[in-house]
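Please load the model in the viewer and keep the selection panel at hand. The tour below proceeds by selection, with a short account of what is found at each stop.

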Amino acid sequence: MTYAVYLCCNCVSHAKQSNPSHKTRRAWRARLLQLVVLPPFSSAEQITNSKSELIADLDFCFTPFFMGPLRSFKPYFYCLLFFSLVPLSLSEIKHIHIVSDSRPLILFEQFGYSRGGHAVVSVHGALWKPPPQAKDYNVNLSTMGFFLVPATHFSLLVNESEHAVRYCPLSSHFVTSVLRFKDLGTDASLSRSVDIENPDEYSLLFGSCNAGVETTMDVRTEMYNMDGSTKDYLPAGRKPLPKMYFTFSVVYLVFLLAWAVVCIKERATVDKIHVAMGALLLFKGLKLVCAAEDLWYVKKTGTPHGWDVAFYVFGFFKGVLLFTVIVLIGTGWSFLKPYLQEREKHVLKIVIPMQVIENIASVVIGETGPTKKDWLTWNQIFLLVDIICCCAVFFPIIWSIRSLREASKTDGKAARNLEKLNLFKQFYLVVVSYLYFTRIVVPAFGRLLNYRYHWCAYAAMEGASFAFYVFVFHNFRPVEKNPYLFVGDEEEEAAAGVLEMEEEAFEL
């Protein structure tokens, strides 16, 4: 998602400034198709490197806006390819209001179809206005309308658009036309349904091959598969998600009960951080319950029936608590010291407001979609804030590791400091691995999967999160004379020698 957002935002803004040679454009297009159409990479790192190179080359590889109504499609069409990297919100029944929008292409939905699926598009109150500076502008309504594009045809469309002199995607035989404005009734309204015979992941788009024409309309979209005689509004690749999320929610609630039992048994050593960790488990479990209910209602009715609101509320508290707990554990608060230093308080003052902004951006992204002009801006905000939070949580852990090293040289407790140091080094590596896996590896893994198996990426995400929680809660549980806080005095001399070696072996 993150790389696609950055590239999409740059593609239009720089299209007018670049004027590459034909050879350069062909080379870039080949690399673009290699990235977008199921790339045969061997590792997530190679995928990341390739995306970084594309970002660097973007300014030089876009075809500029040409004069004429149809050539201006190219930059927008290239941007559309990157949307295949962006996981859009669920394709439930949606009502969208478009106001004075002159974009040649507007992406409405992406949906994984099985055989026998349906796409229904209804347009009401459609209006169009020629560019103010144009005189005697003839709007061709046959080149304005909605169409479906299967993911397997994206590369063919790119090739077709590159070689056509005057190109309009509505006239391509690689797309499935849903409705055109030339068929609108007297009240400027129309509803059409399309049956899907070839299973694939389809994108629903509105196209206008009349440059500069502003369109206003109310649109209702309904995309679903058939499960026997009933409608299934979940994409083919997300059908297992309701059961999967409910299963994980039960696991987390059992985890919470086990954590409560441990805290009660060891109440003498329970600190405030353990209470915060219990709250984190509670909100994580509640978020997954709401996610399961949300998806179940969308599957059956096409609408979440308010469960999306509860999902965002519990997701907000879970997100804030997760980063707060990581920061507090990283500072050693309650474990190593009963207070926070000023620099550690500053980290919390950064992370908590950033999490508020990130959750606001998540709500906007999930509830609006790419039809809104500022949708990409909110994606950029989400990306930026997430990067800031991920980087901020590392500093307290690094400070704790360095302070433990310094303390081992002066307090004469080398063995105990060695155990603490080993624990915090493990914690640092696990946090890095968790954030890297969930932010980079899982999205890359999901991109490599066939659309029918997108649920596997969500399962990998939740599995990694659960493994991370188990590690953190096991190692920082309230146990008296915990092994990582108690070491016999006879090991002091050996530990001192190990610490000297560790100082050079683990540089941050």
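A residue counts as buried when its relative accessible area is under 20%, and as exposed when that value is over 50%. The model on display is a predicted one.

**Stop 1: strand E2**

Select Glu-109, which lies in strand E2. Is this residue buried or exposed? Glu-109 has a relative accessibility of 2% and is therefore buried. Show its side chain together with that of Thr-221: the two side chains form a polar contact at 3.5 Å.

Next, select Ile-106, also placed in strand E2, which spans residues 105–113. Ile-106 has a relative accessible area of 1%, so this residue is buried as well. Apart from residues up to four places away in sequence, Ile-106 touches Asp-101, Leu-204, Leu-205, Phe-206 and Thr-371. Now add Pro-370 to the selection: its C-alpha lies 7.4 Å from that of Ile-106, although 264 residues separate the two in sequence.

**Stop 2: the loop between H9 and H10**

Move to Thr-371, which belongs to the loop between H9 and H10. Its relative accessible area of 3% makes Thr-371 buried. Which residues does Thr-371 contact, leaving aside its neighbours within four places in sequence? They are Ile-96, Ile-98, Asp-101, Arg-103, Ile-106, Leu-107 and Phe-108. Asp-101 thus appears in the contact lists of both Ile-106 and Thr-371.

**Stop 3: the nonpolar cores**

Select Met-277, Phe-427, Val-431, Tyr-469 and Val-472; these have the most contacts inside the largest nonpolar core, a set of 64 residues. Colouring by helix is useful here, since the elements giving two or more residues to this core include H6 (241–265), H7 (272–301), H12 (414–448) and H13 (455–475). Helix H7 gives the most, with 11 residues.

Centre the view on Val-472. Beyond its neighbours within four places in sequence, Val-472 is in contact with Met-277, Ile-329 and Phe-427.

A second core, separate from this one, has 29 residues, among them Ala-119, Val-121, Tyr-202 and Met-223. In soluble globular proteins, nonpolar side chains tend to be buried together.

**Stop 4: a nonpolar patch on the surface**

Finally, switch to a surface representation and select Phe-246, Val-250 and Val-254, which make a nonpolar surface patch of about 260 Å². Val-250 is part of helix H6. With a relative accessibility of 38%, Val-250 counts as partly exposed.

Terms used. Residues are numbered from 1 along each chain as its sequence is written. This is a predicted model: local features need pLDDT of at least 70, side-chain atom pairs count only at pLDDT 80 or more; totals for chains, interfaces and linings use all residues. Side-chain values use heavy atoms; hydrogens and water are left out. A nonpolar core is a set of buried Ala, Val, Leu, Ile, Met, Phe, Trp, Tyr and Cys residues joined through side-chain atoms within 4.5 Å. Buried means under 20% relative accessible area, exposed over 50%, partly exposed in between (1.4 Å probe, protein chains only). Helices (H or I, at least four residues) and strands (E, at least two) are DSSP runs, numbered from the N terminus. Contact means heavy atoms within 4.5 Å. Patches are made of residues with over 30% relative accessible area and no salt bridge: like charges are joined within 9 Å, nonpolar side chains (Val, Leu, Ile, Met, Phe, Trp, Tyr) within 5 Å. Accessible areas come from the Shrake-Rupley method with a 1.4 Å probe; for residues, only the protein chains shown count as cover. A salt bridge is a side-chain nitrogen of Lys or Arg within 4 Å of a carboxyl oxygen of Asp or Glu. A polar contact is a pair of N or O atoms within 3.5 Å; within protein, one must be able to donate a hydrogen and the other to accept it, and residues adjacent in sequence count only if both atoms are side-chain atoms.
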